[in-house]
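Student: I am new to this structure and would like a close look at a single part of it. Please start with the whole and then go to that part.

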Amino acid sequence: MIDEKEVRLTVASVIDNLTPSGLSDGDPERTEVSVCGKMLASPDAITLKYREQEEGSEVNTEIVIYPAAVKVMRSGSIESEMYFEEGIVHTSLYRVPPYSFDAEIKTRKIRSSMTVNGGQLDIYYSMKIGGADKSVKMSVRAV
């Protein structure tokens, strides 16, 4: 059985650009968005879906939280599919049409208290996108 309900989501990220030696380079890029979305809960996973619209562009995001992994899929003005599992490297394409970038993600840590009643998801990972190294923390809060 799948439970579905409306939720308020706060999605935040902090991205540090890294030097070749792995140190932070400049100020981190911080983003935060609060949106209404849907939560679908099944015995196998919790799925969060939401849409962002800004200046004529639209991005649809689906976050699937499994017991030991997370999958984030985006479509629209940004197209990507990222898979997070601790210690695993995932490669994909990150597209902002008409441009495409190779993306490599290595998940350091996933912490989730997400249940059908809401909660928090934190993902800490390293990313190499278009040849640039970054350290990222992504947080999703659902109420």
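Tutor: What follows goes from the overall fold to one residue, Glu79, and its surroundings. The model is a predicted one.

The protein has 10 strands and zero helices, so its pattern along the sequence is β-β-β-β-β-β-β-β-β-β. Its radius of gyration is 15 Å, close to the 15 Å that the globule rule gives for 143 residues, so the protein is as compact as a globular protein of that length. Along the principal axes, the C-alpha atoms fill a box of roughly 45 × 35 × 25 Å. Of the 143 residues, 36% are buried. The accessible surface comes to about 8,400 Å², and carbon and sulfur atoms hold 48% of that area. Among contacts with a separation of 6 or more, 35% join residues 24 or more positions apart. The protein carries 17 positive and 22 negative charges, and the mean positions of these two groups lie 3 Å apart.

Now to the single part. Glu79 sits in the loop that runs between strand E5 (70-76) and strand E6 (80-84). Is this residue buried, partly exposed or exposed? Its relative accessibility is 27%, so Glu79 counts as partly exposed; buried would require a value under 20%, and exposed one over 50%.

Leaving aside residues up to four places away in sequence, Glu79 touches Arg74, Leu93, Tyr94, Arg95 and Pro97. One of these, Arg95, is 16 residues from Glu79 in sequence, yet the C-alpha atoms of Glu79 and Arg95 are 4.9 Å apart in space.

Note on methods:
Residues are numbered from 1 along each chain as its sequence is written. This is a predicted model: local features need pLDDT of at least 70, side-chain atom pairs count only at pLDDT 80 or more; totals for chains, interfaces and linings use all residues. Side-chain values use heavy atoms; hydrogens and water are left out. Helices (H or I, at least four residues) and strands (E, at least two) are DSSP runs, numbered from the N terminus. The radius of gyration is taken over C-alpha atoms; the globule rule is 2.2 Å times the number of residues to the power 0.38. Buried means under 20% relative accessible area, exposed over 50%, partly exposed in between (1.4 Å probe, protein chains only). Contact means heavy atoms within 4.5 Å. Accessible areas come from the Shrake-Rupley method with a 1.4 Å probe; for residues, only the protein chains shown count as cover. Lys and Arg count as positive and Asp and Glu as negative; His and the chain ends are not counted. The place of a charge is taken as NZ of Lys, CZ of Arg, CG of Asp or CD of Glu.
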